[in-house]
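Trainee: I would like a close look at one strand of this model and at what surrounds it. Please take me through it in one connected account.

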Amino acid sequence: MNPESKTHEVDFENFETVVEQNPVVILDFWAEWCQPCKVFGPIFDALAETYPEIYFGKVNTEVATELAEAFQVRSIPTIMAFKNGELVFEQAGVLPAEHFEKLIEQLKE
């Protein structure tokens, strides 16, 4: 992962702390072999740059298997958003940039 990246690795061990300590958290459940994940990754990274006040986390489902299982992630990419510790959004599949941006604006309200 790029050290200048605005995204963070999230796994089973740090998940609870991340969600408790950040008012808004958006997680991207992904895998290296996943072609749609490769399409969505740059969109996720670009919006992480645009919205530094939001915690953008990447969950590698090949590594953080317990977390993916806990959330019953069956399809990737899957995006989940947490606000004040509560899961408020979940969607599998590539989220177009404009829809993702609308979601972020709603989360900021």
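Mentor: Take strand β2 and strand β4 (residues 78–83), which pair in the antiparallel sense over 6 bridges. The model is a predicted one. Within this pairing, Asp28 stands opposite Ile79 of β4, and Ile26 stands opposite Ala81.

β2 also has a partner in strand β3 (residues 55–60): the two run parallel and are joined by 6 bridges. Here Asp28 has Lys58 as its bridge partner. To get from β2 to β3 the chain passes through helix α2 (residues 35–50), and this β-α-β crossover is right-handed.

Now the burial of the strand. β2 covers residues 24–30, and 7 of the 7 are buried, so the strand is largely enclosed by the rest of the structure. In a regular strand, side chains alternate between the two faces of the sheet. In β2 both faces are covered: Val24, Ile26, Asp28 and Trp30 are buried on one side, and Val25, Leu27 and Phe29 are buried on the other.

Next, the nonpolar packing. In soluble globular proteins, nonpolar side chains tend to be buried together. The largest nonpolar core here has 21 residues, and those touching the most other members are Phe15, Leu27, Phe29, Leu67, Phe71 and Phe82. Two or more residues come from each of α1 (15–21), β2, β3, α3 and β4. β2 gives the most to this core, with 4 residues. Apart from this core lies another, of 16 residues, which includes Ile26, Leu47, Ala48 and Tyr51.

Phe82 is worth following through the first of these cores. Leaving aside residues up to four places away in sequence, Phe82 touches Phe15, Val19, Pro23, Val24, Val25, Leu27, Phe71, Leu87 and Val88. Ring pairs also link Phe82 with Phe15, Phe29 and Phe71 into a cluster.

β4 is the next strand to consider. Of its 6 residues, 5 are buried, so β4 too is largely enclosed by the rest of the structure. Besides β2, its partners include β5, with which β4 pairs in the antiparallel sense over 6 bridges. Ala81 stands opposite Phe89 of β5 in this pairing, and Ala81 is also the residue of β4 that Ile26 faces.

The loops on either side of β4 hold some backbone details. Pro77 is in the loop between α3 (65–70) and β4, and the peptide bond that joins Ile76 to Pro77 is cis, with omega about 0°. Gln72 is in the loop between α3 and β4. Its phi is near 50°, a positive value in a residue other than glycine. Gln72 is exposed, with a relative accessible area of 55%. Beyond β4, Asn84 is in the loop between β4 and β5 (86–92). The hairpin of these strands has 2 residues between them, and Asn84 takes a positive phi near 50° there. With a relative accessible area of 61%, Asn84 is exposed.

On the path from β2 towards β3 there is also a disulfide. Cys34 and Cys37 form it, with their sulfur atoms 2.4 Å apart. This is within the 2.5 Å allowed for such a pair, and by this rule the count comes to 1 disulfide. The link of Cys34 and Cys37 is right-handed, with 80° about the S-S bond. Cys34 is buried at a relative accessible area of 2%, and Cys37 is buried at 6%.

Helix α2 and strand β3 also take part in ring pairs. A search of the whole structure finds 9 aromatic pairs. In one of them, the rings of Phe44 and Phe100 have their centres 5.9 Å apart and their planes at 15°, so the pair is stacked. Phe44 lies in helix α2 and Phe100 in helix α4 (residues 97–108), so the pair ties together parts 56 residues apart in sequence. Phe44 is buried, with a relative accessible area of 0%, and Phe100 counts as buried at 0%. The rings of Phe56 and Phe100 have their centres 6.3 Å apart and their planes at 75°, so this pair is edge-to-face. Phe56 lies in strand β3 and Phe100 in helix α4, so the pair ties together parts that are 44 residues apart in sequence. Phe56 is buried, as is Phe100.

Conventions: Residues numbered from 1 in each chain as written. Predicted model: local features only at pLDDT ≥ 70, side-chain atom pairs only at ≥ 80, totals over all residues. Heavy atoms only, no water. Buried < 20%, exposed > 50% of the residue type's maximum accessible area, 1.4 Å probe, protein only. Pairing = 2+ DSSP bridges. Right-handed = clockwise from strand over helix to strand, strands pointing away. Core = buried A, V, L, I, M, F, W, Y, C linked by side-chain atoms within 4.5 Å. Contact = heavy atoms within 4.5 Å. Phe/Tyr/Trp six-rings, centres within 6.5 Å; stacked < 30°, edge-to-face > 60°.
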